[in-house]
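Here is a briefing on a ligand and the pockets of a protein. Look at the structure first, then read the points.

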Amino acid sequence: MPITATTRVHGPSPAVAQLIDAVERRTGIRLSATDEASGEIELLIDHGSSAPEGYTLEIGERAIIVGADEAGLFYGVQTLLQLLRQDDSGWALLGADVADSPRFPRRGVMLDVARHFFGVGDVKRFIDSTSALKFNHLHLHLSDDQGWRVHIDAWPLLTERASATSVGGDPGGFYTKADYREIVAYAASRHMIVIPEIDLPGHTHAIGVAYPELVEAPVLNDNLIADSARLGQPLPVAGETYLGWGVGHSSVRIHEERTYDFVRDVVHELAEMTPGAYIHIGGDESLGTPQADFDLFAERATAIVVEAGKIPMAWHEMGSATNIAEGTVGQYWGKTTPEGTHAEEAAHFVERGGALIMSAADVTYLDMKYAEDFPLGLTWAGTIDVRSAYEWEPTAVLDVPDTAILGVEAPLWSETTRTLGEVEQLVFPRAAAQAEVAWSPREAPERGWESFRVRVGALAPLWKAEGIDFHPADEIPWSAR
Ligand code: TNX
């Protein structure tokens with residue numbers, strides 16, 4: 001079906017304007033919106049016509065998208081945009097007859113804004129590029145040893161004293177409450193729910209820069225000492241800004257009541273800005289916190305989230321604590337072949353009536369290098385080429401019922417990425433692999449590497465039009481137009 005300046009779009013929803021703007025960015029052609037149902041492109045919502053977030057899309061003489069809800073319509077528009085092609089006779093939509101809905105309700109990406117800070121404009125662009133792949137959750141890692149990134153009224157020194165820098169002494173920053181609300185609203189307009197994370201009880205050195213009475217003196221571990229020497233990075237010093245990227249040295253004071261006043265205030269202020277159901281309280285790599293203290297903290301902190309009316313989320317290590325709040329959702333970041341106690345810890349969330357998000361580090365971690373010689377990223381979980389990112393099965397990693405797996409999240413840790421363009425180099429195309437793992441049926445004719453690599457290659461012109469700085473991995477046959 002040809003796309004020309006006379007093509008009209010009819011429909012009831014914000015998706016019409018989103019479609020018109022995206023077609024213009026891609027083709028330079030500005031379609032018009034019409035009130036007449038005879039428009040060549042028709043967008044409709046018919047509640048219950050597909051599963052939640054689902055849609056049908058027919059492209060013949062006309063293009064008709066029927067969403068089961070607003071999100072479904074938005075996703076139908078994204079698929080339509082993937083079918084735009086230019087040839088010698090101009091722009092056209094490829095013919096299609098699609099009935100589509102997601103396999104998993106949870107399809108997430110994470111952006112670490114603590115190791116390097118990314119401002120509101122960058123986060124909006126990240127939302128645009130990932131929601132176009134039908135991701136529906138954005139997890140923001142808002143605090144770590146290197147900085148605190150969201151203003152909290154009750155504890156104003158966090159942003160005043162502990163937000164100015166990033167890894168390596170790069171500039172930092174933080175979100176005001178107005179900024180944060182703007183991100184949440186923008187994400188909602190792209191059908192993404194924001195999950196805020198405050199990482200506790202470890203990864204808390206920055207809290208101690210602002211409020212020294214809340215945090216223990218750094219406990220240095222052998223890895224941290226060796227890595228810091230190898231990388232030429234400074235060691236953490238209590239009360240001073242930390243510029244390295246070593247982990248496991250910090251802990252809040254578990255036996256001070258003031259620590260829980262702090263956690264409660266932060267969780268309540270975040271809950272108040274969070275329309276979504278989840279607040280993530282971290283729990284990873286608390287190597288400097290004795291296990292009994294960690295358990296006590298995990299129980300109290302998950303209970304505080306419940307008391308604030310939200311569902312706690314935590315990295316899988318929190319599953320080592322017997323009495324985490326019932327219903328807490330764990331985020332598994334071990335490998336596809338679990339090591340040590342990782343699988344047990346993850347399973348404990350399910351025993352407590354919760355569920356799991358799969359972020360297996362050796363396939364979903366967007367900050368791992370594609371190959372040893374890639375200039376950005378880390379390698380501790382291995383190198384991850386696009387094919388390895390694609391070929392894994394979220395329900396086959398842990399010994400839990402399939403129904404306990406809510407879905408997949410692909411995290412981008414930002415130790416080595418200083419700009420959004422660098423983030424995009426790591427995220428694209430591998431996020432597309434996780435998007436398909438999370439969305440598409442486990443078994444389907446097109447659900448395989450040979451099909452995927454061709455289909456992802458066809459996204460190159462779209463990504464270029466959107467200004468996405470993707471990595472042109474040589475495993476993929478990239479289309480020119
Ligand atoms: C492990 S994954 C971490 C992060 C690092 C990341 C780097 C997780 C829960 N913790 O603190 O940024 O590795 O890949």
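The points below cover the ligand and then the largest pocket.

This is a predicted model, where local features need pLDDT of at least 70, side-chain atom pairs count only at pLDDT 80 or more, and totals for chains, interfaces and linings use all residues. Residues are numbered from 1 along each chain as its sequence is written, and side-chain values use heavy atoms, with hydrogens and water left out.

**Around the ligand**
- The ligand has 13 residues around it (a heavy atom within 4 Å).
- Arg-115, Tyr-365, Asp-367, Trp-380 and Glu-415 come nearest.
- By class, this shell holds seven nonpolar, one polar and five charged residues (Ala, Val, Leu, Ile, Met, Phe, Trp, Tyr, Cys and Pro count as nonpolar; Asp, Glu, Lys and Arg as charged; the others, Gly among them, as polar).

**Atom pairs**
- A polar side-chain atom of Glu-415 is 2.6 Å from a ligand oxygen.
- The side chain of Trp-380 has an N or O atom 2.7 Å from an oxygen of the ligand.
- For Asp-284, a side-chain N or O atom lies 2.8 Å from a ligand nitrogen.

**The largest pocket**
- The ligand sits in the largest pocket (more than half of its atoms lie within 2 Å of the pocket's grid points).
- A pocket is an open set of points on a 1 Å grid over the protein atoms alone, where a 1.4 Å probe fits, with protein on both sides within 12 Å along at least five of seven lines; lining residues have an atom within 4 Å of a point.
- The lining includes 13 nonpolar, 16 polar and twelve charged residues.

Notes: Polar contact = N/O pair within 3.5 Å; in protein donor to acceptor, adjacent residues only side chain to side chain.
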